[in-house]
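I opened this entry to look up how the charged side chains pair and how the helices pack. My notes follow the order in which I looked.

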Amino acid sequence: MSMKRTNVYADPEDLSIIKEAAARRGISEAEIIRQGIHLAAMANRVWDEPLFSRTFEGPGRTPSKEDVQEAVADAAKRGTTPDAAA
């Protein structure tokens with residue numbers, strides 16, 4: 001993997017924590033900073049495809065508490081799960 005150099009300003013307290021963590025873990029401070037940059041990059045990535053592309057049949061609304069209780073009670077009476085009955 002090719003690396004590119006950049007400069008950033010960091011809070012001295014954060015750098016102190018990174019220094020302690022690097023010593024404790026036996027890795028370089030730069031490696032911890034690279035891991036942090038990767039996490040920031042992934043947290044802010046915009047994906048080309050939606051996370052959920054499948055659609056499901058149903059009423060198109062979130063079931064109410066009563067709907068859920070009724071479905072569970074019906075399934076318990078039949079001795080099956082709601083999915084197994086469908």
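The entries below go from the overall make-up to the salt bridges and then to one helix contact.

**Entry 1, overall make-up.** I note at the start that this is a predicted model. I looked up the secondary structure and found 4 helices and 0 strands in the chain, the elements running α-α-α-α from the N terminus on. I then looked up burial, and buried residues make up 6% of the 86 residues in the chain.

**Entry 2, salt bridges.** How many salt bridges does a search of the whole structure find? My search gave 3 salt bridges, and I went through them in turn, keeping in mind that side chains of opposite charge can pair when their charged atoms come close.

I began with glutamate 29, which forms a salt bridge with lysine 19, the closest N and O atoms being 3.3 Å apart. This pair links distant parts of the chain, since glutamate 29 belongs to helix α2 (residues 29-43) and lysine 19 to helix α1 (residues 12-25), with their positions 10 residues apart in the numbering. I checked the accessibility of glutamate 29, and because its relative value is 32%, I wrote it down as partly exposed.

I went on to glutamate 31, whose salt bridge is with arginine 34, with 3.1 Å between the closest N and O atoms. Both residues lie in helix α2, 3 residues apart, which is about one turn of the helix. Buried or partly exposed, I asked of glutamate 31; its relative accessible area is 29%, so I entered it as partly exposed. Arginine 34, at 35% relative accessibility, also counts as partly exposed.

I finished with aspartate 67, whose side chain meets that of arginine 61 in a salt bridge at 3.1 Å, N to O. For aspartate 67 I noted 30% relative accessibility, so this residue counts as partly exposed.

**Entry 3, α1 against α2.** At what angle do α1 and α2 pack? I read off about 110°, with the axes 8 Å apart, and because angles of 65 to 115 degrees count as roughly perpendicular, I described α1 and α2 as roughly perpendicular to each other. The crossing in which α1 passes α2 is right-handed. On the α1 side I listed Ile18, Lys19, Ala21, Ala22 and Arg25 as making the contact, and on the α2 side Glu29, Ile32, Ile33 and Gln35. By type, the residues of this contact divide into 5 nonpolar, 1 polar and 3 charged. Lys19 and Glu29 appear in this contact, and I had already recorded them as salt-bridge partners.

Terms used
Residues numbered from 1 in each chain as written. Predicted model: local features only at pLDDT ≥ 70, side-chain atom pairs only at ≥ 80, totals over all residues. Heavy atoms only, no water. Salt bridge = Lys/Arg side-chain N within 4 Å of Asp/Glu carboxyl O. Helix = DSSP H or I, 4+ residues; strand = E, 2+ residues; numbered from the N terminus. Buried < 20%, exposed > 50% of the residue type's maximum accessible area, 1.4 Å probe, protein only. Axes fitted to C-alpha atoms, helices over the stretch in contact; angles between N-to-C directions. Parallel < 35°, antiparallel > 145°, perpendicular 65-115°, else oblique. Left-handed = near helix turned anticlockwise from the far one by under 90°. Contact = heavy atoms within 4.5 Å. Nonpolar A, V, L, I, M, F, W, Y, C, P; charged D, E, K, R; others polar.
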